Amino acid sequence: MNAAALRTAVLGVLAFALVAGITTLAPGMSSATYTAQTANAANSVGAAADWTPPTVSVTAPAAPLRDIATVTATASDAESGIRQVVLQVQAAGASTWTTLCTATASPYTCTWDTRAVADGWYSLRAIATDKSGYSTTSAIVAATVGNTIGVVLADPGDTVAGTVALSTTLQNTGAGPYAVRVEYSVAGSNTWVTLCSGIAAPYDCSWNTRTTTLKGTDSYDLRSAATYNGVTTYSAVVADVLVDNGAPTATMADPGTPLSGTVTLSATASDALSGVAKVVIQYAPNGSSTWVDACTLTATPYSCRFATTALPAGFYSFRALATDQAGNVGTPSVVSGRQVDNSVASVSMEDPGAFLTGTVTLTSTASTSAGIANVAIQMAPNGSSAFTTICTVTASPFTCAWNSKSVADGLYDFRAVMTDRTGVTKTSAVMASRRVDNRAVRGVDVQTANGTGTPGRLDAGDTVTFTYSTQMSPASILAGWSGAGTAVTLRLRDGGLLGLGSADDTLDVQSGSASVNLGSVDLRGDYLKNNKTSTFTATMTATSATVNGLPVTVVQLSVGTLISGGALRTAPASAAASMVWTPSNLAKDLGATTSSNAPVTESGALDREF
């Protein structure tokens, strides 16, 4: 064989091998037919026209999908073209994909009836196949299905007055349109009256409580409704909104005249509906309209001590200004023409407290232009004139520590007598009827704690703890009780029901129709709506503890579920106060000595209860 013939033979074998190799490639490489060919006299070689997979992506939905939704994919192939696009969906947490449709022509879209699936998160993808058999799976995009809209009516507050803005928010909405309205009902009646209808976004409604309420009623329930495609969705009910358009009343007590040293300013106030929020006592020079706050009082008694020594001598007016929980301000009560004169001697006895136990600090304030030689603090049995000197103080501050155990338990009067450097004396007004009570059995502390519920609101999991000064007989607190956990009822009453202020909501404990002999706790806060009562299940236990090295009894209440009432308020973080426990004098220690009912003020830093 010559060289030319050899070359021809070799090329023929190579061409054959190439063709054979190409025709055995898997479709994953290419399944295209041979459309290009190179030939010589004896052999030919073919090459596929499409060696590149298609591109494909799914358009991410810009908003939650509702009703019949459209899912769109984009696909392209520059060589052989797109044969089909399969669009698929997978629920969150699922392991399998469900085919929505197979599209064979652009635009590659599917309709998805989202009403057939649950609201929630889903994944979407597309698989594109070109005409040469190549396939590509798109990146996954997230989609949300939301066929159930949310309707939220903002809470306008427990107590309202005048024109009130009511705001509705729609959540998880589609294209709409939505017909939105706000309704109100007499509290608890479930008889709804339209207040605003056909509201357009942002769905605000003005409630004129002076004209659009039902006469003879005070408390209302509110709700919003949104209608779409004939289906109406309601908001949660905002219950027991008290309408109070009446102003509170206040009466300023006459502080007397002339005034000198430190005096007591006091007022009385009341409000028939929402209750008194605060009383401000103010003063101004006679004839002036510039009033200055002397003190702001949020709980009864509405009184404060006021140092007149900071005022220039002259004539002054005093007034009390009451504001209720709805923000209504009453007409001021004014006492005019009261003279302030500190050029002469003045002395006053400060209040040591209604109940005196153990060592008590007694305090007097005094002033005189002649100079103070001394101040004697004195006491006498209540109503008598047999004053005896407890201590004599020669320099400010005029205070001394007094051991109240040095006298028998009972009521006593206190006064201060100032002697100036010329020998002239002046006697203060009497601070009368202060009770000395040193019986060994008494309450020493009360505490509350929040459980797992809302801070500042009485609810399940909260606790109330009572600590006595000694070991108590559980059976004297509840007949037949051993101290083991026992079911009782905790009752919360608005202070207005008890003749107290609106910020004096009170707890006590009951077992059946009988009272548990723990007494009552003035929470010194507003935890319940006006003139309401709520009851809770509770568990009461008694345990022994050691306080200051001595054994004592601790009784704890663990709050359970709401039984009746409701209408609860959540005290703001700013509503810090010290509650006061008044123990029952029916409770006895292990020696059968009855407990004192002297009030016990919560120890520790000021806080909101629960």
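Two strands pair if DSSP finds at least two bridges between them, and strands themselves are DSSP runs (E, at least two residues) numbered from the N terminus. The model is predicted, with local features requiring pLDDT of at least 70 and side-chain atom pairs pLDDT 80 or more, while totals for chains, interfaces and linings use all residues. Residues are numbered from 1 along each chain as its sequence is written, and side-chain values use heavy atoms, leaving out hydrogens and water.

**View A. Pairing of strand 20 with strand 21.** M252 has A267 in strand 21 as its bridge partner. Strand 20 and strand 21 (residues 262-270) run antiparallel and are joined by four bridges. Both belong to an open sheet of three strands in the order 20-21-24. Strand 20 (249-252) and strand 24 (302-307) are the edge strands, each pairing on one side only.

**View B. Surroundings of T168.** T168 lies in strand 13 (residues 163-171). T168 is buried (under 20% relative accessible area, 1.4 Å probe, protein chains only), at a value of 2%. Its contacts (heavy atoms within 4.5 Å) beyond four places in sequence include V151, V180, P202 and S224.

**View C. The largest nonpolar core.** A nonpolar core is a set of buried Ala, Val, Leu, Ile, Met, Phe, Trp, Tyr and Cys residues joined through side-chain atoms within 4.5 Å. This one has 35 residues, and F466, I477, L507, L518, M540 and V555 touch the most other members. Among the elements giving two or more residues are strand 37 (463-468) and strand 41 (533-547). Strand 41 gives the most, with four residues.

Conventions. Buried < 20%, exposed > 50% of the residue type's maximum accessible area, 1.4 Å probe, protein only.
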